[in-house]
Amino acid sequence: MSAEEPQLNGTRGGKRQAFRQWRGQRPFWGGLLTLLAGVPIMYIPYANLTIGSLTVRMATTAGAGSLIIGVLMVVLGLTMWFQPVSRVFAGVAAIMLSLVSLVVSNFGAFLVGFLLGLIGGALGVSWAPGEPVRSEGGPGEPDRAAGPSPTPERHAGTPLATHAAPATGDPGSGNGLDDLSGTSPTNGRNGRHRAG
């Protein structure tokens with residue numbers, strides 16, 4: 001064993017951890033399936049199948065359409081990876097192109113490209129960024145909760161604000177106990193902006 005071996009394992013582990021973090025911030029599997037859906041849609045209409053001395057060509061009159069759909073599926077898969085903000089557009093477009101490939105590209109490249117594109121587009125649309133995991137008592141913890149906690153043991157050690165604000169005679173001010181106007185007891189506003 002040399003002194004450099006743990007360092008090599010550390011960089012390999014660091015790259016793997018960086019890839020996991022990158023993969024977790026985007027619809028990775030939806031992008032991968034959409035990207036893979038473009039390959040059979042592009043390839044099969046231009047492929048030659050040779051059976052003995054017989055050559056069968058799968059080309060259709062819409063071979064250029066198949067090529068365009070396949071390239072767009074690959075581009076949409078890469079868009080899901082490198083522009084996760086536009087994942088809903090890319091997912092819907094992938095689903096629509098998968099449906100069009102049924103008609104244009106040999107039944108969606110014999111249903112392989114169709115199914116991959118449909119599932120990949122659905123994964124891209126349904127993916128949402130996750131909340132960062134906060135440690136117990138970390139710097140991101142609020143000082144106190146504003147209201148009763150559904151699970152008191154979850155916020156053990158943090159004081160709860162269980163007393164109501166004193167009631168005033170102004171209806172709709174948000175400070176009364178019987179106020180149903182939807183205003184916040186902290187600042188007396190209901191979330192709408194005032195116009196002047």
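**Exercise 1. Identify the residues of the largest nonpolar core and the helices that supply them.**

Solution. The largest nonpolar core consists of twelve residues: A37, I41, I44, I69, M73, L76, M80, A90, A93, A94, L97 and A109. At least two residues of this core come from each of α2 (28-43), α3 (63-82) and α4 (87-104). A nonpolar core is here a set of buried Ala, Val, Leu, Ile, Met, Phe, Trp, Tyr and Cys residues joined through side-chain atoms within 4.5 Å. Buried denotes under 20% relative accessible area, exposed over 50%, and partly exposed the range in between (1.4 Å probe, protein chains only). In soluble globular proteins, nonpolar side chains tend to be buried together.

The model is predicted: local features need pLDDT of at least 70, side-chain atom pairs count only at pLDDT 80 or more, and totals for chains, interfaces and linings use all residues. Residues are numbered from 1 along each chain as its sequence is written, and side-chain values use heavy atoms, with hydrogens and water left out.

**Exercise 2. State the order of secondary structure elements and the extent of burial in the chain.**

Solution. Helices (H or I, at least four residues) and strands (E, at least two) are DSSP runs, numbered from the N terminus. The chain contains six helices and two strands, in the sequence order α-α-β-β-α-α-α-α. Of its 196 residues, 26% are buried. For contacts (heavy atoms within 4.5 Å) between residues at least 6 apart in sequence, 56% join residues at least 24 apart.

**Exercise 3. Determine how α6 is oriented against α2 and against α4.**

Solution. Axes are lines fitted to C-alpha atoms, for helices over the stretch in contact, and angles run from 0 to 180 degrees between N-to-C directions.

1. The axes of α2 and α6 (residues 112-126) come within 7 Å and cross at roughly 155°. The two helices are therefore roughly antiparallel, a class that requires an angle over 145 degrees.
2. On the α2 side, the contacting residues include W29, L33 and I41, while those of α6 include V112, L116 and L123.
3. The axes of α4 and α6 lie 7 Å apart, at an angle of about 160°. This pair is thus also roughly antiparallel.
4. Residues of α4 that meet α6 include R87, I95 and L102; among their counterparts in α6 are F114, L118 and V125.
5. The α2 and α6 crossing is left-handed, as is the crossing of α4 and α6. Left-handed means that the near helix is turned anticlockwise from the far one by less than a right angle.

**Exercise 4. Describe the surroundings of R87, I41 and S105.**

Solution. R87 belongs to helix α4 and counts as buried because its relative accessibility is 18%. Not counting residues up to four places away in sequence, R87 touches P27, G124, V125, W127, A128 and P129.

With neighbours within four places in sequence left aside, I41 is in contact with S66, I69, G70, S101, S105, G108, A109 and G113. S105 lies in the loop between α4 and α5 and is buried, at 0% relative accessibility. Under the same exclusion of neighbours within four places, S105 contacts I41, P45 and S66. S105 and G63 are 42 residues apart in sequence, and their C-alpha atoms are 7.2 Å apart.

**Exercise 5. Which backbone feature marks L111, and where is this residue located?**

Solution. The phi of L111 is near 70°, a positive value in a residue other than glycine. Most residues other than glycine have a negative phi. L111 is located in the loop between α5 (106-110) and α6, and is partly exposed, with a relative accessible area of 43%.

Conventions
Parallel < 35°, antiparallel > 145°, perpendicular 65-115°, else oblique.
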